[in-house]
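Please look through the sequence and the model below, and keep both at hand while the following paragraphs lead you from a single residue outwards to its surroundings.

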Amino acid sequence: MSKEHTMIDGNEAAAYVAYRTNEVIAIYPITPSSPMGEWADLWESQETKNIWGSSPTVVEMQSEGGAAGAIHGALQAGSLATTFTASQGLLLMIPNMYKIAGELTPTVFHVAARSLAVQALSIFGDHSDVMAARSTGFAFLCSASVQEAMDFALIAQSATLQSRIPFVHFFDGFRTSHEISKIEVLPDDTIRQMIPEDLVHAHKARALSPDHPVMRGTTQNPDVYFQARESVNTYYDQCSRIVSGAMKEFAKLTGRTYAPFEYAGDSAAERVIVLMGSGCETAEETVQHLQAQGEKVGVVKVRLFRPFDSAFFLSVLPKTARTIAVLDRTKESGAPGEPLYLDCLSVLAENQMNGEKKFDCLPKVVGGRYGLSSKEFTPGMVKGIFDHLKEANPKKSFTIGITDDVTHLSLPYDPEFSIESKDTYRAVFYGLGSDGTVGANKNSIKIIGHDEKRSAQGYFVYDSRKSGATTVSHLRFGPKVIRAPYLISQAHFIGCHQWTLFERYDILKHLLPNGKFLLNSIYGPDDVWRYLPGKVQAQLKEKNAKFYVIDAYKVAKESGIGSLINTVMQVCFFAISKIMPIDEAVREIEESIRKTYGKKGQEIVDRNLKAVHGALQHLHEVNTAGQPLNGTPFAPPIPKEAPPFVREVLGTIVQGCGDDLPVGVFPIDGTYPTGTSKWEQRNLTQEVPVWDPDVCIQCGKCAFVCPHGVIRVKAYEDKHLKGAPQTFKSRPAKDLDWKDLTYTIQVATDYCTGCGICVDICPAKNKSKTSLKAINMEAELPIRETERENWDFFSQLPELDRRRIKSESIRQEQVQQPLFEFSSACLGCGETPYIKLATQLFGDRMVVANATGCSSIYGGNLPTTPWTHNADGRGPAWSNSLFEDNAEFGLGMRLSIDQQRRFAIELLLRIRNTIEPGLVNALIESPQKTEADIYEQRERVELLKKQLKKSKQKEAERLLAHADMLVKKSVWIIGGDGWAYDIGYGGLDHVLASGKNVNILVLDTEVYSNTGGQMSKSTPKAAVAKFAANGKAMAKKDLGLIAMTYGNVYVASVAMGAKDEHTLKAFLEAEAYDGPSLIIAYSHCIAHGINMTTAMQNQKALVQSGRWLLYRYHPERGKAGQDPLILERPGKKISLEQYMNMENRFKMLAKSHPETARYLWEEASEELQLRMAFYEYLATFRKNSAKKPEPQNAEVK
Amino acid sequence: MDLTADYLGMTLKNPLVPSASPLSEKIATIRHLEDSGAGAIVLHSLFEEQIRMENLELNHHLSSHKDVFSEAQSFFPEPTQFHLDPEGYLEYIQNVKKAVSIPVIASLNGATLGGWTDTAELMQQAGADAIELNIYKITTNPDQPAAEIEAEYVKILKSVKSKIKIPVALKLSPYFTNMANMAQRFDDAGANALVLFNRFYQPDIDLETLDMRSDILFSAPQALRLPLTWVGILFGKVRADLAATSGIHRAEDVLKMLMVGANVTMLCSVLLRRGPAYLKVILEDMKQWMEEHEYESVQQMRGSMSQMNCDNPSAYERAQYIKSLQSFKPQQ
């Protein structure tokens, strides 16, 4: 049989088998396993069949807990069922995993293993999650490469049916899940032969059925539970043998041999490393290298971690072993060692104790930790460990890959040590996420890997930032199978697709001598040298590099493919690298363009083909001979004025050198200062907004919508203008309340992303040239220095006394300082303006519980973070607990604050005789409703503290510790719709029902934005999303309506682009309401397929179409006998169809599934009418039913 | 009474044809128009930009956020196949053809020479009885001479004609220096009919917001005069059939157009404003007028008042203009 090869990543490889061998698949997105579910969903939508000729049912659940429950049920009812997950998701599955294992139910859960959230969340790979689930009774089979991810998925499926023990099949998140590699595809016939039909029938025969009823899941008591628990032992005893058998069977069918434990290395090795996962590949390659140099070393690759087959493990260990290092990719604080180490140690100890004595003398066994959160694990580190094992007393619980300057557990290693094969061609590409670099490289791998004589591997390092995100692609090509799951440190070719990346990376660090360097540059071959930074010039000379330039943006623009330079740079890579004849490469690229873009129309194909030829014409080699070393040095990444921690720790991370930071510099408990984003000037855009004060009407809308808080407004006394830079702009304030003040709108251009949403929203037009507004986009570079100076001057201008600001007026409110600034959110983000608004209004007294998701990433991702404080040092205190528990987390904060405030009042009353008369009552009775109230209360608390400090009473000391709680604290619970509508809905509901004074802000993008646009229950009908490839068939859940049913919950549905005053009013009312408040804030998103610059127009159309209702439900109106629901009716109306045609998420359904689109659009339209009528009824019920109706929609006084 | 009209080689039951507009976007409305007596139907236009730009836009949204972040390598599921324009339009032609028995004229709207003209062939395959080619071009480049623009019009027509066998009606702008010459050139290039005229989109201004407003106005009754003039002039001078469009709101308007030489009259604003059923009213009024004035057929009156056949040919020319100015007496 001919062997079919393909270029895929680990996720697709595992999902490929899982889909073919199952009938029910329950999914839930979580990085890095989401693509497995996405593949399954896509295949189902395309009616791809499993090996029994039927399409599995794929269902998205509300959480991983839900997915596990659904799988448990599906298994009990007789289907073969599977799920995919990682990290916290696996933790949520644990209760069901115990049940599934306890009931001896065959299934395989495929896990892209990932770190757990501890001192911080991390999306990257290690074994913390699977280790946390190791006691569930599941078997754990670990694959170490993309090929194995496919192979072991099948072996696990076969073994689970034979053994009845459920399996976790796991592989390293990102390193394996996202590595693209050339692998051999398992044909359906092979899969069928590995899945015995009789065992499938046996599984079905055990299922719950009223035709042969049984019951499962009884309650057992002390008399029998224990014995029953022991009844499964024989199944576990046989499991390893069964896995072994399945592996042998698999080897017969495919030629690829595996075993539960595999040994590689010298048969008389003295030093042995034991580990599992992708690190096995690195260790094995390194062992071979060291062996060739005469070292007696070996590696045991653990495949089947549970059930741990002690005898098998012992059998593969060479008798000659003297020292063994067992490596765990996890950390178990407080344990005598990590799990794999303890397992191995106990097996060896038992063997010695039992007298079986495999070893004459028990080898020294040490445990070590490596690779947490995808930390690199390189051949140098493997060698470092082997070197260390030569020592008489190797370190227990060592670490490798970091510098531990606190407990000194880390081992030294040589980072330069390399075992890269001479046959392997290595290329590294630096690009921006938005320029298509990764896509082009994925395509190049496919083209090169297509040649049956070549192997290929691609790994992509992404930024966590959502705007200006960088990507680094690591590509290897060679004649042999590539087993190098670590980044390239010695490259033959380096491509830099963006000039600005020089400032962020040491681009040429890893270029080999005589290597080739390709730069996308607006400067041609004759000019480019003099613009290069000095360091780059020196490196090119030192390395004797061949240097090429192309103006890829020019070629792309001329070809009509906009800013996507992928095709252009790809062609240049092939032309320079000569990895295959250029004619052949061009033919392949053209073919792939036809294949990729053909379905989207000939025009796109033609434009890309044009770019291919343009690339070859515009590629030039630069003559570096005789060029002077005259480039300018780099500016430091963080200004020297920054605090030491920001400069030295965060600054190092900004520079891409976080790996070099030692343990001792880090906060021990995950606590970081706020206000750090201002120290990282990212200069992401070529155009920035510039204020025209003569046209400006000072409405504040530009600042209101600015997603990154770069447009700032201040009103101040004229005297402060003394010393202003020449180009600093100001005008007399137009607001009648501020006749004595001067007004400035200043743009912090260093932090602007250039989204242009401010210009789009600006209502003031230049009377002589209406294409200009009061704020206009202009080139950034010419004004960079002057605007930096202006921003610095603006920043030191005093903030206006908050007591002079009417918060209910946008033009005045926008003068309030945002305490959320310069986040890394996407260009034009629809969420951040709401967060920023909340911080302007209440930031100085705000405590934030933030659900995991986009807002926790752009809000809390190192190095620098956007939550900040004012000049008094006050600002939002922020924390992220989990995805699923955010409402409860915030409620806990409320309870805690209330409890402390109550205690403070109790203490105040207890010692009232020692406090100034009148102060106690004023402190307790202050309403704290207005800024003035709060200002005065803060003054009182300061006074109180002064008096308390003089006292020696214990109660006074206690009160001093609690005194700040006498000032109002505003608890905000913030998260996306994935949290509020799905995974956290139960908790959210409970918190709403608690009656407590919390403010819940749901940033409703109508999809799981952070993980790539998967459907949530907020997704509207007819929208295409991941997991809803055929358009969502169900209507959007009406969360607001559900909340209203409690009667005592303040509920607002807002869309700032449709009516900003309404949004502002809702925020003020929600915070003022002494009870639970829920604000559902429509947030446009890149996942909608819209132009983000004009996204506020989409919000307007959304409301005009009636798909989004603007309302406020105020329980106090209800108590006053009025209709509690105030509905804002849009002035102009448009049809739902008109609105839907503005967004690709709806439009693309008409292009992919026209018939479905037709009826879903019609249904959506009908449902919209019904919903509008229902809300009208609710908003006018009392008015219509009262004998003497009150004025409609009168405001609460 | 014989109301039949010859147009594009087909015999229509009457000369009332709803023109390309949103009215023909739904099959139910087309059925309604047929039931009201329409002689044929021109489908809504498929635009050159629709074929080119929409696909580009789709590609942009599917690819612009791909491979950007570690957590999300894409934001949309990508189906294996898209039903892109013109596919949807072609399917619509097929469905309309199944739904009605009157001739169906597909409408292709473009401005430049390019691959989009291939679509005409696909429209033919989909079953269109004829194609109305709407060359809608607003040239704002002061460097481009008129001759170049005129030549491109002819090239586009020839390009479409070379690809199909079904008849082509060319919908035109009136803004040529010598309309008669152009009509002649289009006639020579093989146009089976000339549709006179396109109404150009002309923007308005919102004084409050200082925005350009892009709402399309319904045609006013006065708009009738321009096609009336040119149909009258061209009748008998070109081989191509003549279709009159703009400002035809009543039976009287239809009759006038037929008399100056139109083979058919196109209805749009009146049906958008009054609904598809109003076509029947126009038809009945027309019949009644013909009965009252003892006309036997449409054919009988066609061209009777054209420049060629009327008793005062100068009425179509400059002389009449001077007369009408001289006869105008301003109000005191």
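In this predicted model, a good place to begin is A:I155, which, once its neighbours within four places in sequence are left aside, is in contact with A:L141, A:M194, A:V243, A:A246, A:M247, A:F250 and A:Y258. A:I155 also belongs to the largest nonpolar core, a set of 167 residues in which A:I155, A:F167, A:W979, A:I1000 and A:L1078 touch the most other members. The largest share of this core, 10 residues, is supplied by helix α6 of chain A, which covers residues 146-163. There is also a second, separate core of 83 residues, and among its members are B:L108, B:A183, B:L258 and B:L279.

Helix α6(A) packs with helix α10 of chain A (residues 233-254) at an angle of about 135°, and the axes of the two helices lie 9 Å apart. Because angles from 115 to 145 degrees fall outside the roughly perpendicular and roughly antiparallel ranges, α6(A) is oblique to α10(A). On the α6(A) side the contact includes A:F152, A:I155 and A:A159, while on the α10(A) side it includes A:V243, A:A246, A:M247 and A:F250. The residues of this contact divide into 11 nonpolar, 3 polar and 1 charged.

Another helix pair can be read in a similar way: α1 (residues 10-20) and α2 (residues 34-45), both of chain A, pack at an angle of about 45° with their axes 9 Å apart, which makes α1(A) oblique to α2(A). Helix α1(A) passes α2(A) in a right-handed crossing, and the residues of their contact divide into 9 nonpolar, 1 polar and 2 charged.

Key: Residues are numbered from 1 along each chain as its sequence is written. Chains are lettered from A and ligands numbered from 1 in the order in which they are written. This is a predicted model: local features need pLDDT of at least 70, side-chain atom pairs count only at pLDDT 80 or more; totals for chains, interfaces and linings use all residues. Side-chain values use heavy atoms; hydrogens and water are left out. Axes are lines fitted to C-alpha atoms, for helices over the stretch in contact, and angles run from 0 to 180 degrees between N-to-C directions. Helices (H or I, at least four residues) and strands (E, at least two) are DSSP runs, numbered from the N terminus. Angles under 35 degrees count as roughly parallel, over 145 as roughly antiparallel, 65 to 115 as roughly perpendicular and the rest as oblique. A crossing is left-handed if the near helix is turned anticlockwise from the far one by less than a right angle, and right-handed if clockwise. Ala, Val, Leu, Ile, Met, Phe, Trp, Tyr, Cys and Pro count as nonpolar, Asp, Glu, Lys and Arg as charged, and the others, Gly among them, as polar. A nonpolar core is a set of buried Ala, Val, Leu, Ile, Met, Phe, Trp, Tyr and Cys residues joined through side-chain atoms within 4.5 Å. Buried means under 20% relative accessible area, exposed over 50%, partly exposed in between (1.4 Å probe, protein chains only). Contact means heavy atoms within 4.5 Å.
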